[in-house]
Amino acid sequence: MGKKVGIVIPSYNQGKFLEEAIQSVIKNRKHIDIKLIVVDGGSTDGSAAIIKKYSAEIDWWRSRKDEGQANAINIGMRQCGDCDYVMWLNSDDIYETDDAVARIVAFADTAGAGFCYGKSYFINETGGKIGEYPTVPYGEDVFYRSCIISQPSVLIESKLWEKAGGLNESFHMCLDYEMWIRLAQICKPVYFEEYIGNTRMYADTKTATQEERHLMEAICIMHHYLGDVPDSWLYAWMRLRDKWGIMNIFPNRLLMSWEFRNKKKKVREIMEGINIEW
């Protein structure tokens, strides 16, 4: 009997891209059994009409206010109890090929991998390839320095997702990275060196518009799981807050030695600045 994959598409006012994401999942059904879940946060841009257009192809959907992306994904994952594996595809992302999901499932089955990830391209608003996500084989040293795992190319065993407890809904930016860390503590990630997903980059993405929040969450994650924060991450946060360009006056080496004498105080300031529940 073939494996079944639950794929959750969370969305909020992404009608511009939502249809392409839904179609991308539907096309992958030609090669593998997929349960398609769409969780829309009560969009006002016509997204509900797009979802209804594909209602015959969608196994479960809703369109009403939720508590953010992580909450939407967790809601969707609760509908995947009969699936062997789970994935989520953001509503502005797409799969690289019509057999992408089948390929990574076949790899996971062969490798005995409960948590695996493939390669990804960056694409622009029109779907043109503009680069590659910097994925590399898993190693603790590099994994805890940067996010080497591209979210649309991740496949997780359902039982492993449940064991990890789903996404931490306190996170709005680094919800995936924090989840990868918890999963990696249970099951070593396995790298699949083929392209699976495409992640879209454009001016209105959360990553582009909320860079400071992104760094603050990443710093909180490092402090919580490692008890320390890479100086480079703290330095990047300080530069973002330096609206007047004062840091450009001094040599980096001097700034590092001067500012990081108060490193613990700055990290505490960051952690108090956002409400993260562990």
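## A tour starting at Phe143

Start by selecting Phe143 and showing what surrounds it: leaving aside residues up to four places away in sequence, Phe143 touches Tyr138, Ile148, Ile149, Tyr177, Trp180, Ile181 and Ala184. Keep in mind as you click around that this is a predicted model. Phe143 itself has a relative accessible area of 0%, so it is buried.

Now widen the selection to the core around it. The largest nonpolar core has 53 residues, and those touching the most other members are Phe143, Ile156, Trp161, Tyr177 and Trp180. Apart from that core lies another, of 32 residues; to find it, pick Ile34, Val38, Val101 and Phe192, which are among its members. As background, nonpolar side chains in soluble globular proteins tend to be buried together.

**Next stop: the rings**

Show Phe, Tyr and Trp side chains as sticks. There are 13 aromatic pairs to hunt for in this structure. Try Trp88 with Trp161 first: the ring centres are 6.1 Å apart and the planes meet at 75°, which is over 60° and therefore makes the pair edge-to-face. Colour by secondary structure and you'll see that this pair links distant parts of the chain, with Trp88 in strand S4 (residues 85-88) and Trp161 in helix H6 (residues 158-164), 73 residues apart. Both Trp88 and Trp161 are buried.

Then go back to Phe143 and add Tyr177. This aromatic pair is edge-to-face too, at 6.0 Å centre to centre with 75° between the planes. Distant parts of the chain are linked here as well: Phe143 belongs to helix H5 (residues 140-143) and Tyr177 to helix H7 (residues 175-186), 34 residues apart. Is Tyr177 buried or exposed? Its relative accessibility is 3%, under the 20% cut-off, so Tyr177 counts as buried.

For a group rather than a pair, select Trp88, Phe115, Trp161 and Trp180, which form one aromatic cluster. Before leaving the rings, pick Tyr121 and Lys129. What sits over the ring of Tyr121? It is the charged end of Lys129, 4.9 Å from the ring centre.

**On to helix H4**

Select residues 100-111, which make up helix H4. Its 12 residues should span 16 Å at 1.5 Å a residue, and the end C-alpha atoms are 17 Å apart, so the two agree. To see which residues of H4 are buried, highlight Ala100, Val101, Ala102, Ile104, Val105, Phe107 and Ala108. You've already met Val101 as one of the members of the 32-residue core. Step just past the end of H4 and you reach Gly112, with a positive phi of about 65°.

**A short detour to Asn13**

Where is Asn13 found? Look in the loop between strand S1 (4-11) and helix H1 (15-28). Check its backbone: phi of Asn13 is near 50°, a positive value in a residue other than glycine. With a relative accessible area of 31%, Asn13 is partly exposed.

**Zoom out**

Finish with the whole chain as a cartoon: you should be looking at 12 helices and nine strands. The radius of gyration is 19 Å, close to the 19 Å that the globule rule gives for 278 residues, so the chain is as compact as a globular protein of that length. Along the principal axes, the C-alpha atoms fill a box of roughly 60 × 45 × 35 Å. Colour by accessibility, and 53% of the 278 residues count as buried. Among contacts between residues at least 6 apart in sequence, 74% join residues at least 24 apart.

Notes. Residues are numbered from 1 along each chain as its sequence is written. This is a predicted model: local features need pLDDT of at least 70, side-chain atom pairs count only at pLDDT 80 or more; totals for chains, interfaces and linings use all residues. Side-chain values use heavy atoms; hydrogens and water are left out. Rings of Phe, Tyr and Trp (its six-membered ring) pair if their centres lie within 6.5 Å; planes under 30 degrees apart count as stacked, over 60 as edge-to-face and the rest as tilted. Helices (H or I, at least four residues) and strands (E, at least two) are DSSP runs, numbered from the N terminus. Buried means under 20% relative accessible area, exposed over 50%, partly exposed in between (1.4 Å probe, protein chains only). A charge sits over a ring if NZ of Lys or CZ of Arg is within 6 Å of the ring centre and within 35 degrees of the ring normal. The expected span of a helix is 1.5 Å times one less than its number of residues. A nonpolar core is a set of buried Ala, Val, Leu, Ile, Met, Phe, Trp, Tyr and Cys residues joined through side-chain atoms within 4.5 Å. Contact means heavy atoms within 4.5 Å. The radius of gyration is taken over C-alpha atoms; the globule rule is 2.2 Å times the number of residues to the power 0.38.
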